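Please open the model in a viewer and keep the selection tool at hand. The tour proceeds from one selection to the next and states what is found at each stop.

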Amino acid sequence: MNKKKLVLIGNGMAGVRAVEEILKISKDAFDITIFGTEPHPNYNRILLSKVLQGDTEVKDITLNDWNWYEENNITLFTGETVTKIDSEMKVVRSDKGRIVPYDEVIIATGSVPFILPLPGADKEGVTAFRDIKDTDIMLEASKKYKKAAVIGGGLLGLEAARGLLNLGMDVSVIHIAPTLMERQLDETAGKLLQNELEKQGMKFLLEASTAEIYGEDRVEGLKFKDGSQLEADLVVMAVGIKPNISLAVESGLDVNRGIIVNDFLQTNIPNVYAVGECAEHNGIPYGLVAPLYEQGMVLAKHICGKATDGYKGSVLSTQLKVSGVEVFSAGDFMEGDDKKSLKIFDEQDGIYKKIVLRGNKIVGAVLFGDSKEGSRLFSMIKKEADISDTEKITILQPIGEEAGESLVASMPDDEIICGCNGVSKGTIVQAIKEQGCTTVDAIKGCTSASRSCGGCKPLVADVLQFTLGSDFDASSQKEAICSCTTLSRDEVVEEIRAKGLKHIKEVMNVLGWESEGCSKCRPALNYYLAMVNPIGYEDERESRFVNERMHANIQKDGTYSVVPRMYGGVTNASELRRIADVVEKYEIPLVKVTGGQRIDLFGVKKDDLPRVWQDLDMNSGYAYGKSLRTVKTCVGETFCRFGTQDSMGLGIRLEKKFEGLQTPHKVKMAVSACPRSCAESGFKDIGFIGIDGGWELYVGGNGGTHVRGGDLLYKVKTDDEAMEITGAYLQYYRETATYLERTSAWIERVGLAHVQSVLDDKQKRIELNARMDETLSVYKDPWKEIIEDKKTTKELFETVEMS
Ligand SMILES: Cc1cc2nc3c(=O)[nH]c(=O)nc-3n(C[C@H](O)[C@H](O)[C@H](O)COP(=O)(O)OP(=O)(O)OC[C@H]3O[C@@H](n4cnc5c(N)ncnc54)[C@H](O)[C@@H]3O)c2cc1C
Ligand SMILES: NC(=O)c1ccc[n+]([C@@H]2O[C@H](COP(=O)([O-])OP(=O)(O)OC[C@H]3O[C@@H](n4cnc5c(N)ncnc54)[C@H](O)[C@@H]3O)[C@@H](O)[C@H]2O)c1
Ligand code: SF4
Ligand code: FES
């Protein structure tokens, strides 16, 4: 049989995926020729961000290597650009004078970066961020130069900026709009994102309009329309893209912004198709791989003569690939006349969730700080789910977690796990059960899930764990603690232990960190070092988050909030008098009783902090730390007629013993003297409920954004037993949790039964408590420590002289 001749113009992500689909349907139907301007085989453009961020290397982002073309009998011309499609002669012509005949031709020429037409835009040191060549320019520049300016605060600009920070550059992002990623996020999420990225060291110039790029041959800086300037020896333009239509225009195809195609990706000229970012369907040129892959699937079916309903357009979802930041946006995310929103905003933990409803249908969502629910919400948006029969607020709450189920357990089979490749939970489960996949990599090979941006890897791993149950081998699924290393959390902790490491720098040197560390690994290492070696480790204050460095919570106006310790929520006249005096003396604008039964002083000026602490003469309530926060108590048997136990007594004892204890994440406790549970013991990390003859001890509860009822761990008879179990439980959490993992997530990961089996072993409990006591033995109240140490006081509060 005479094979038809298929020519693909553009060796990029969309075009080659369409060819892969064609080969799947009809391996021998075509003689295939591919032209690509770039000198590389088909690679994952998405991961250039990760190359720049140091997570991977160019050699590791190839999607189809040279062998693949050979194995599939594809003739490949790289470094060669097609200059014309001659549809009368049915041939394509290249810039090297080659003429190749076709029966069908697919144009997949992608996009070109938009370059602002500024004076100086052609200077050395000005680059776009689109391909391997641009990435190399940035990697080279970072070795010689220090100051980078990224123009554009969209997805691409921010990912580039994070990469340049990782490369040790001083990075400013110049953005034209008042908030970041305004095409994907609303104002609140945009500001939260800015806040988080500022903490990571990025600088921002918002509502800034660049007028000129100045310098001799090489760029030296930017001038703005308001007359101000910024020095820069590298400028990255990331202000959007335009479909690459020059070949189509030259060849007489109908174009608008992109090459106009119908539902079957056909252009106006017979046998000429367009797919990917260069194509415009129903007025929309797409700029993310998910819709392009959907197009590729339709095109493959059509060109192979298989029935298809055609491409009907796509709802989009995006995630930013910057470690330590969870941002998700999908669909129609802005409120409007006919669109109303539903929001949850936990300002303290920086978590923001919003869904947008048109009538009773979900049409969009924005998640910041916690994007676990992204795939569920995206499925609902795609299905235009009707929520008239659902209590609205529950849509933003994690499904299944309240019932103690894992997130994936509660997902229906048709829920999409990998947005880029449109792979559902059911398809992954099938690959595990029927094709014997036991690792995320194997699933990638079988289903394409996680093959593109990689953002779905944790969810794929969860499906794997959930499906395999006890056959799941966690050790073969290791995940690096951050992009600065390939070592996992367990490996790092083990090395710290085995090699007796004491300082972050030592860990990085000995364990071969590839950079100075990042905002993800530095605080984590500080915690692991302290956990393994509480007496010998050297604390690195600069690696802590700002609130933990300052021992107070920074507020949005730059002032601080101060919460003194009130053991068990109990206070007295003398403490209250001192608090009142401090409020008057330092003109503290707001005094508020907190949910944790203590008093919060808001609006304290930074310079006043040490004197406020001195005058209060109370211990720090650690309202800012990854540590024990409060032990809330009810009045109990002392005053309440229902009380069967001394809740205040146990609460105060717990708080006095464990105050200041550093934990992977914050820990809240509560003690109620009867099952009415006035102190809300069922929703705390550790909660006690008084019963006749003792206490019930609940663990893993959470009352925040992921509401979770605690699990009954034990019943104990005496306060001493309660203290002993609490010590062992907390120490086991400290030793096995990942930094920033709340007890509610940890207990689900490791399992209640497992924790019980550890704590059932008396010897283990003794050992855990011994290590806990060692940790507690070095605790000093940080407020007192700082005010007694003039040098630290001066470093932290430069202008303050203590008497
Ligand atoms: C740094 C970065 C990060 C990204 N991250 C994400 C992400 O997280 N998620 C996501 O969904 N998308 C992301 N994208 C977008 C995604 O990479 C694109 O949507 C996708 O690559 C587009 O595929 P395409 O095949 O249409 O175009 P391309 O991948 O650009 O391929 C087009 C190819 O055609 C070649 N070509 C052009 N004209 C000719 C010609 N006349 N002859 C021969 N060859 C020609 C080009 O040189 C190019 O190699 C990212 C993009 C970048 C740059
Ligand atoms: N994680 C991801 O999904 C991801 C990552 C990188 C790139 N991409 C894709 O790559 C493409 C390019 O990304 P992008 O961020 O360049 O495009 P974009 O259009 O999403 O964002 C460009 C940003 O630049 C800003 N801008 C425009 N003119 C400006 C000016 N003169 N000065 C300062 N700022 C200006 C805009 O306000 C906008 O926020 C998009 O299709 C994007 O979806 C996706
Ligand atoms: S929990 Fe029980 S004992 Fe405590 S205050 Fe409430 S009703 Fe009284
Ligand atoms: S979501 Fe991008 S690879 Fe799966």
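Which polar backbone atom is 2.8 Å from an oxygen atom of ligand 1? The atom belongs to Ala14. Note at the outset that this is a predicted model.

**Stop 1: ligand 1**

Select ligand 1 together with its surroundings. The selection should return 32 residues around the ligand, and the closest are Ala14, Glu38, Arg130, Glu277 and Lys321. Ala14 has already been met through its backbone; two side chains may now be displayed beside it. Glu38 places a polar side-chain atom 2.6 Å from an oxygen atom of ligand 1. Arg45 likewise has a polar side-chain atom at 2.8 Å from an oxygen atom of the ligand. A surface calculation completes the view: ligand 1 taken alone exposes 1000 Å², of which the protein buries 91%.

Next, colour the shell by secondary structure. Helix 1 (13-25), strand 2 (30-36) and helix 8 (289-303) are the elements that give two or more residues to the shell around ligand 1. Helix 1 gives the most, with three residues. Colouring by residue class instead shows 13 nonpolar, 13 polar and six charged residues in the shell of ligand 1.

Where does ligand 1 lie with respect to domain 1 and domain 2? Select 4-110 together with 243-303 for domain 1, and 126-239 for domain 2. Ligand 1 lies between the two domains, because both give residues to the shell around it.

**Stop 2: the strands beside helix 1**

Keep helix 1 in view and add strand 1, residues 4-9. Strand 1 pairs with strand 2 in the parallel sense, over six bridges. To locate one of these positions, select Ile9, whose bridge partner in strand 2 is Phe35. Tracing the chain from strand 1 through helix 1 to strand 2 gives a β-α-β crossover, and this crossover is right-handed.

Strand 1 has a further pairing to inspect. Select strand 7, residues 104-107: it pairs with strand 1 in the parallel sense over four bridges. Val7 may be labelled here, as it stands opposite Val105 in strand 7.

**Stop 3: ligand 2**

Move the selection to ligand 2. It is surrounded by 21 residues, and the closest are Glu159, Glu182, Arg183, Gly240 and Gln319. Which side chain has an N or O atom 2.6 Å from an oxygen atom of ligand 2? That side chain is Glu182. Two backbone positions also deserve a distance label. A polar backbone atom of Gln319 is 2.8 Å from a nitrogen atom of ligand 2, and a polar backbone atom of Leu155 is 3.3 Å from an oxygen atom of the ligand. Taken alone, ligand 2 exposes 840 Å², and the protein buries 86% of that area.

Then display helix 5, residues 155-166, which gives the most to the shell around ligand 2, with three residues. By class, the shell of ligand 2 comprises ten nonpolar, seven polar and four charged residues.

**Stop 4: two hairpins**

Select strand 13 (residues 210-214) and strand 14 (residues 221-224), which pair in the antiparallel sense over four bridges. Tyr214 has Gly221 as its bridge partner in strand 14. The two strands form a hairpin with six residues between them, and in the turn Gly215 has a positive phi of about 140°.

Now extend the selection to strand 15, residues 229-231. Strand 14 and strand 15 run antiparallel and are joined by three bridges. Gly221 appears again, with Glu231 as its bridge partner in strand 15. The hairpin of strand 14 and strand 15 has four residues between the strands, and Gly227 takes a positive phi near 95°.

**Stop 5: ligand 3**

Finally, select ligand 3. The residues around ligand 3 include the cysteines Cys634, Cys640, Cys674 and Cys678. Phe642, Gly643, Ser672, Ala673, Arg676 and Ser677 are also around ligand 3. By class, this shell has six nonpolar, three polar and one charged residues.

Note on methods. Residues numbered from 1 in each chain as written. Chains lettered and ligands numbered in written order. Predicted model: local features only at pLDDT ≥ 70, side-chain atom pairs only at ≥ 80, totals over all residues. Heavy atoms only, no water. Near = heavy atom within 4 Å. Polar contact = N/O pair within 3.5 Å; in protein donor to acceptor, adjacent residues only side chain to side chain. Areas by Shrake-Rupley, 256 points an atom, 1.4 Å probe, with all protein chains shown as cover. Nonpolar A, V, L, I, M, F, W, Y, C, P; charged D, E, K, R; others polar. Domains from an automatic or database assignment. Pairing = 2+ DSSP bridges. Right-handed = clockwise from strand over helix to strand, strands pointing away.
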